[in-house]
Amino acid sequence: MKVYSFWRSLATYRVRITLNLKGIVPEEIIEVNLMKGQQREAEFRAVNPMMAIPAVVDGPGPVLFESLAIIEYLDETHPNPPLLPKDPRGRARVRGISQLIAADSHPLIVPRVREYLEHELKLDQQTVMAWCKHWHGRALTALETHLQDKETGRYCHGDQVTVADICLASQVAGAKFFNVDLAPFPTVARIAATCNEIDAFARAHPLKQPGAPAA
């Protein structure tokens, strides 16, 4: 297995958590430095023409891309511990929470969007940061509301880690990158703190990866 990764990539963070939970150690980690624009180089464009990470190559099959698709692939091929509830309604709720983060919020603040806002639309850095904080805040507000449901337990859905918790951890890490105050979102903060007590989450954190700054 080869994983195309970068320390700051929140989507790759989600996949790293999953690999750790499943006890999977990739044979090769290939850095794609988003801050240097390596995702746009021809070599990586041949891997993922969307020029986004993560991407995973598992054996002779085609390249796997998009974090949620990769996570579900890993969950199906390595079923223990399971990351989705058994009942259809529970699976739908977990997928909905996950997509709220990975599909509705995160894509609005990824490097290619920030670069477009800055270089093509000529927005200054302060305005770009305001954009990122706005969309982070909107997602956290919706997430906090959904987590008031009785189905929420120790984690986003009951008392077992699911894909929703993996996505929540990435949202909270991103909020800290963009200086979003978590005080108005106590349930989100509680669950994130609980997840970070798990070694699989702690080892996967962006700031613990090669190339990450010391603080």
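In which strand does S5 lie? S5 belongs to strand β1, and the views below begin with that strand. The model shown is predicted.

**View 1. The four-stranded sheet has the strand order β2-β1-β3-β4.** The sheet is open, and its pairing is mixed. Strands β2 and β4 (64-65) are the edge strands, each pairing on one side only. Strands of a sheet pair through backbone hydrogen bonds, either parallel or antiparallel. Strand β1 (residues 2-5) runs parallel to strand β2 (residues 28-31), and 4 bridges join the two. With strand β3 (residues 55-57), β1 pairs in the antiparallel sense, over 3 bridges.

**View 2. Residues of β1 face their partners in β2 and β3.** Y4 stands opposite I30 of β2. In β3, the bridge partner of Y4 is A55. V3 also has a bridge partner in β3, namely V56. In a regular strand the side chains alternate between the two faces of the sheet.

**View 3. S5 is a buried residue of strand β1.** Its relative accessible area is 8%; because buried means under 20%, S5 falls into that class. Leaving aside neighbours within four places in sequence, S5 is in contact with T12, R16, I29, I30, E31, V32 and I53. The strand that holds S5 is β1.

**View 4. Helix α1 joins β1 and β2 in a right-handed β-α-β unit.** The helix covers residues 10-22. At 1.5 Å a residue, the 13 residues of α1 should span 18 Å, and the end C-alpha atoms are 19 Å apart, which agrees. Of the 13 residues of α1, 13 are buried, so the helix is largely enclosed by the rest of the structure. An α-helix has 3.6 residues a turn, so residues three or four places apart point the same way. After α1 comes G23, whose phi is positive, near 70°.

**View 5. A salt bridge joins K22 to D75.** The closest N and O atoms of this pair are 2.6 Å apart. The pair links distant parts of the chain: K22 is in helix α1 and D75 in helix α3 (residues 67-77), 53 residues apart. Are D75 and K22 buried or exposed? Both D75 and K22 are buried.

**View 6. A salt bridge joins R40 to E115.** The closest N and O atoms here are 2.9 Å apart. R40 lies in the loop between β2 and α2 (42-45), whereas E115 is in helix α5 (residues 111-120), and the two are 75 residues apart. R40 is partly exposed, its relative accessible area being 43%. E115 is likewise described as partly exposed, with a relative accessible area of 25%.

**View 7. E151 forms a salt bridge with K150.** Their closest N and O atoms are 3.2 Å apart. E151 has a relative accessibility of 34% and therefore counts as partly exposed. K150, at 75% relative accessibility, counts as exposed. In total, the structure holds 6 salt bridges.

**View 8. F44 is a buried residue of helix α2.** The relative accessibility of F44 is 5%, which means that F44 counts as buried. Which residues does F44 touch, not counting residues up to four places away in sequence? F44 touches Y4, V32, Q38, Q39, M51, A52, I53 and A55. Y4 and A55, both on this list, are also bridge partners of each other. A92 follows a separate course: the C-alpha atoms of F44 and A92 are separated by 33 Å, the residues being 48 apart along the chain.

**View 9. The structure holds 0 disulfides.** C132 is in no disulfide, and the nearest cysteine sulfur, that of C167, is 18 Å away. C132 has a relative accessibility of 0% and so counts as buried. Why is the sulfur of C195 not in a bond with that of C156? The sulfur of C195 is 6.7 Å from that of C156, the closest cysteine sulfur, and this is too far for a bond. A disulfide is a covalent bond between the sulfur atoms of two cysteines. C195, also at 0% relative accessibility, counts as buried.

Terms used:
Residues are numbered from 1 along each chain as its sequence is written. This is a predicted model: local features need pLDDT of at least 70, side-chain atom pairs count only at pLDDT 80 or more; totals for chains, interfaces and linings use all residues. Side-chain values use heavy atoms; hydrogens and water are left out. Two strands pair if DSSP finds at least two bridges between them. A crossover is right-handed if, with the strands pointing away from the viewer, the path from the first strand over the helix to the second runs clockwise. A disulfide is a pair of cysteine sulfur atoms within 2.5 Å. Buried means under 20% relative accessible area, exposed over 50%, partly exposed in between (1.4 Å probe, protein chains only). Contact means heavy atoms within 4.5 Å. The expected span of a helix is 1.5 Å times one less than its number of residues. A salt bridge is a side-chain nitrogen of Lys or Arg within 4 Å of a carboxyl oxygen of Asp or Glu.
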